[in-house]
Amino acid sequence: MAVTKIAARKGRLDVGIRYVLNEDKTGGSVLTAFVNCTPNDPCGTMKDTKERSHKTDGVQYYHIIQSFAPGEIAPEQALEIAKAFASEHLKDFEAVIGVHTDREHIHAHIVFNSVSWVDGRKYHSNAKSYYSQIRAVSDRLCREHGLSVIMSGEPSKSVSYAEWLREQRGLPTFKSMLEADLRVAIEEANDFGHFLLLMEGMGYEVKHGKHLAFRLRGQERFIRPGRRNEAFTEEGIRKAIESNFAAIEAGLKPEYTPRPPYIPFRPKTPQTGFLRLYAHYLYLLGKIERRQYPPRMTPALKQAVMRFEQLKAEYAFLQNHGIDSLEKLTAFKEQAAAREQELVKRRTILNAQKKRRRPLYDALADERAYAPAKTLYEKGMTGIEAEFARYMDAKALLDGCGISREALSKEKAKALEDISEVNRRLRALRKDAALCGSIMANIPGMEKQIEQTETKKKKEVTRNEHWRG
């Protein structure tokens, strides 16, 4: 028996032909045949026919699959039936035939031009023509060769690849699907680079830099999961990978708890310079903030109360780095600028290395992401021609690059981890540089405001003493 399917394809003609004539599937191209075209350049012949007829748009080719029951037929007999079918039903169209033996069941693939080389008319297929022509001819040829026939088969449903992925996973929204996949990747990842590789393997494009964002292939926009849930920021994911994510899920500990870096105990020493100035200024602001009606608060001091937390962060920065003078602050800023230049240079080198490998890295991700498209294509599903073409191109590139997929995966994970680490260190350095600039800008005003406050306090004390006298 033979189950036949036909699918109209709008994708690249060369991809469909290359798939049918695959040497690994057709016994070294032995089980192939050509109708109304030569083996040298069947794709060029079909394109010339389209150009002569001025019909180069729309459906590019049709793909017929004849599947036989396991053990019922020899590959050579399947090729003979496919050639007879093409000679009878497709006598006015150019076609290539390949019998694939890579599965348990033998199946023949026929790819033929959508435009006739005889009169330039376009081939049309519908449910009526399928049963009255394609199925009828196939069944008659099977009977002539002593094979049974069946009357089953459902029409293919045309859906986008993204829709198909969504339906297969049973998730209602892209965001919930992304969060579920993030949890799986976090649980299985060994480090952050491995995590990014796992996400790409699940079919996501990853954009990492200032923010971490993901986009499912076929989706228009990137999604930033860290915007809704802090556990899915880059820092949160790193923490979750290092810790036991199962404990987080069970509620035994919070999903993400930012912790300050460990600071060893140091005995208190008298503060000098900037540290003393900041401590005095914050003390004054703290006293004013605790009062409900501060006496004679200047507008500048009132603004300082509103940015109290920023000043506390600057004070902690000075304390952590032991900066108590303008010279030390300037030296720290210059060192930070030098380190930033080194990191930028390092990132440029890493990006250049990644760019050279970009085609292979993208091919690795495409092959994993679009692997289901190959199975769906073989089953006759329409609407996934572009995804199937991406899969075939990626596979061809990886097969010919001379590097194993495992080695390439490890190299890619290492490259992503290195770039991510450089970006993280750059963000920290630039944050420190911004604090240095803010401190330099604040120092003169703070000194002036402290002087004004102390002067007013002395005047109030003098006035009170005068009243007492």
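Reasoning from values in a predicted model

Q: How do you know that the length of helix 12 (residues 308-321) agrees with its number of residues?
A: In this predicted model, helix 12 has 14 residues, which at 1.5 Å a residue should span 20 Å. The end C-alpha atoms of helix 12 are 20 Å apart, so the two values agree.

Q: Which residues of helix 12 are buried, and what follows helix 12?
A: Phe-308, Leu-311, Glu-314, Tyr-315, Phe-317 and Leu-318 are buried. An α-helix has 3.6 residues a turn, so residues three or four places apart point the same way. After helix 12 comes Gly-322, which has a positive phi near 60 degrees.

Q: What makes the span of helix 6 (residues 174-188) agree with expectation?
A: Helix 6 has 15 residues, and at 1.5 Å a residue these should span 21 Å. The C-alpha atoms at its ends are 21 Å apart, so the model agrees with the expected value. The buried residues of helix 6 are Met-177, Leu-178, Glu-179, Asp-181, Leu-182, Ala-185 and Ile-186.

Q: Why is Gln-60 called buried?
A: The relative accessible area of Gln-60 is 16%, and buried means under 20%. Gln-60 therefore counts as buried.

Q: Where is Gln-60 placed, and what does Gln-60 touch?
A: Gln-60 lies in the loop between helix 2 (42-53) and strand 3. Not counting residues up to four places away in sequence, Gln-60 touches Arg-9, Lys-10, Gly-11, Leu-13, Lys-50, Asn-113 and Ser-114. Of these, Lys-50 is ten residues away along the chain, with a C-alpha separation of 8.9 Å from Gln-60.

Q: What makes the approach of the Gln-60 side chain to the backbone oxygen of Thr-56 a polar contact?
A: The side chain of Gln-60 reaches that oxygen at 2.9 Å, and the cut-off for a polar contact is 3.5 Å.

Q: Is Arg-9 buried or exposed, and how do you know?
A: Arg-9 has a relative accessible area of 0%. The limit for buried is under 20%, so Arg-9 is buried. The place of Arg-9 is in strand 1.

Q: What does Arg-9 contact?
A: The side chain of Arg-9 reaches the backbone oxygen of Tyr-377 at 3.1 Å. Leaving aside neighbours within four places in sequence, the residues in contact with Arg-9 include Gln-60, His-63, Tyr-377, Met-381 and Glu-385.

Q: Why does Ser-29 count as partly exposed?
A: Its relative accessibility is 28%. Buried means under 20% and exposed over 50%, with partly exposed in between, so Ser-29 counts as partly exposed. Ser-29 sits in the loop between helix 1 (13-20) and strand 2. Its phi is positive, about 70 degrees, although Ser-29 is not a glycine.

Q: Why does Asn-36 count as partly exposed?
A: Asn-36 has 33% relative accessibility, and partly exposed lies between the limits of 20% and 50%. Asn-36 therefore counts as partly exposed. The loop between strand 2 and helix 2 holds Asn-36. The phi of Asn-36 is near 65 degrees, a positive value in a residue other than glycine.

Q: Which residues touch the most other members of the largest nonpolar core?
A: Among the 32 residues of this core, they are Ile-6, Phe-68, Leu-90, Ile-97, Ile-110, Phe-112 and Tyr-123. Helix 3 supplies the largest share of the core, six residues. Leaving aside neighbours within four places in sequence, Leu-90 is in contact with Val-35, Asn-36, Phe-85, Ala-95, Ile-110, Phe-112 and Tyr-123.

Q: How many helices and strands are there, and what share of the residues is buried?
A: The protein has 16 helices and seven strands. Of its 469 residues, 43% count as buried. Among contacts between residues at least 6 apart in sequence, 71% join residues at least 24 apart.

Q: Where is the pLDDT below 50?
A: Residues 150-158 are one such stretch, with 18 contacts beyond near neighbours in sequence. Residues 288-295 are another, with six such contacts. Where pLDDT is low, the predicted coordinates should not be read in detail. The protein averages a pLDDT of 80, and 79% of the residues score at least 70. Among its elements, helix 9 (residues 245-249) has the lowest mean pLDDT, 55, and strand 4 the highest, 93.

Methods
Residues numbered from 1 in each chain as written. Heavy atoms only, no water. Helix = DSSP H or I, 4+ residues; strand = E, 2+ residues; numbered from the N terminus. Expected span 1.5 Å × (residues − 1). Buried < 20%, exposed > 50% of the residue type's maximum accessible area, 1.4 Å probe, protein only. Contact = heavy atoms within 4.5 Å. Core = buried A, V, L, I, M, F, W, Y, C linked by side-chain atoms within 4.5 Å. Polar contact = N/O pair within 3.5 Å; in protein donor to acceptor, adjacent residues only side chain to side chain. pLDDT = per-residue confidence, 0-100.
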